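Please examine the model shown below. A structural biologist then puts questions about it to the author.

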Amino acid sequence: MQYDPKNSIKIPIDTLTIGMFVTAIEHSERVNLSHAGRVSNNNALKQLISSGVKYAWVDQSLSAKECIFKPVDEGAVPAPATDTLGASTVKPKTQSRYAQQKRASKIIQEAKGLAQKLINQTFEGKVIHVNEIEQWADDVIESVLVDSDALHCVSALRNKDKYLLEHSVNVACLLVSFGKHLGLSKETLKQMAIGGIIHDVGKIKVDDKVLHKPAKLTPEEFEHMKLHQVYAKQIITNVKGLSDVSRDVCLMHHEKLDGSGYPSGLTAQQLPVHGRMSSIVDIYDALTADRCYKRGMSSAEAFKILLSLAGHHLDKDLVYKFINCIGVYPVGSIVELSDGRVGIVWSSNQDEPLKPEVKCFYSRKYKRYVEVSYVDLKHSALKIDKAIAPHNLEIDPTPFFDL
Ligand SMILES: [Fe+2]
Ligand SMILES: [Fe+2]
């Protein structure tokens, strides 16, 4: 369960009852944050009192509904807090519990908005029903952020750089879409989403100048950037209840099959499927994302790069499956080509699914109809830029479905 000690109120230990969610306990001076959880029986209560605990901080929203709270001095007591990296400290209370909750829900809303943006852009006009995925991503994000400690990381990422949060949410959503395509269990998908959300948390410690550099990094800068995985290792030891899958997704996204990756130089035998998936998805999002200084590549261009890395860096079989998950254009779907022409996918190409034959009839570049022509992408330098949902097309394509 996700909890935030900053949202808690302080109560005398003798008013603690079964069902309350404890986020911290206090001996005479010392605050201990390591035993968070719900009080489930009388023995636990007795043990706390007999071990000299004077006060407990409890999170009302995570406690049983029937609990009655008697705060020591609500609003005035400094609450124990963890900083974004999880180090235990006691800080004066600077924000009310309401403000903290408002901030958490703002971050969740923002993450949901980013997920929807990604899904719309990635799956628009594809076989997958965008609405269904949107709803489902909404649920995953909510449960990932509410039920896990990952919200701390999201908050830290967001403070560091707007793009970091967007990239993290994208990686989480793409991993979940990919995992769903591979038929992985719902629980595994959730663990992967958590891993995706926190995968670049180490970047919060990377120098801003390097992180935001709009050009190629020098070898020294790249070495510094690589440290984000060393920092990640330290940071995630403070994220409670992190599963092995989440941990692997986070720590393996820069590992390569031939052992030339970082931080551990793991080899193919040591890289589980979710670790291999994380590197594919991470590279894909980095290539396709729009940044202030560059326009993202089309998915077709990114697929080409992924394929060039398949075998020695990335798992070839998984790269093909990922392309299938993201990039299949079924017959009858509407696509925009790299020259701005819009057309209907007319016949598929078994060997190269990204290069079907397209019946073109309109130009988005010139905003007018063009002479109907059939473009076989297998024998053309053109490629599909993106799929378009029919309702997002400024003209009615219906007549062009006729032979
Ligand atoms: Fe990374
Ligand atoms: Fe990344």
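The questions and answers below treat the metal site, a helix pair and two single residues.

Reader: On what basis are the model and its numbering described?

Author: Residues are numbered from 1 along each chain as its sequence is written, and chains are lettered from A and ligands numbered from 1 in the order in which they are written. This is a predicted model, in which local features need pLDDT of at least 70, side-chain atom pairs count only at pLDDT 80 or more and totals for chains, interfaces and linings use all residues, while side-chain values use heavy atoms, without hydrogens and water.

Reader: Which residues coordinate the iron ion (ligand 1)?

Author: Donors are N, O and S atoms within 2.8 Å of the metal (3.2 Å for Na, K and Ca); water is not among the atoms, so sites may look incomplete. The coordinating atoms lie at 2.1 to 2.3 Å, one OD and three NE2. They belong to D200, H228, H253 and H254.

Reader: Why is the arrangement around the iron ion (ligand 1) classed as it is?

Author: Four donors count as tetrahedral if all angles lie between 85 and 135 degrees; four count as square planar and six as octahedral if opposite donors are over 155 degrees apart and all others between 65 and 115; anything else is irregular. The four donor atoms here subtend angles of 84 to 172°, which makes the arrangement irregular.

Reader: Which residue bridges the iron ion (ligand 1) and the iron ion (ligand 2)?

Author: The two iron ions lie 3.6 Å apart. The residue that bridges them is D200.

Reader: How do the axes of α10 and α12 lie to each other?

Author: Helices (H or I, at least four residues) and strands (E, at least two) are DSSP runs, numbered from the N terminus. The axes, lines fitted to C-alpha atoms over the stretch in contact, with angles from 0 to 180 degrees between N-to-C directions, come within 10 Å and cross at roughly 55°. Angles under 35 degrees count as roughly parallel, over 145 as roughly antiparallel, 65 to 115 as roughly perpendicular and the rest as oblique. The two helices are therefore oblique.

Reader: Is E371 buried or exposed?

Author: E371 lies in strand β11 (residues 368-376). Buried means under 20% relative accessible area, exposed over 50% and partly exposed in between (1.4 Å probe, protein chains only). At 73% relative accessibility, E371 counts as exposed.

Reader: Which residues does N170 touch, not counting those up to four places away in sequence?

Author: N170, in helix α5 (residues 162-181), is buried, with a relative accessible area of 6%. By contact (heavy atoms within 4.5 Å), the residues that N170 touches beyond those sequence neighbours are L114, L118 and D285.
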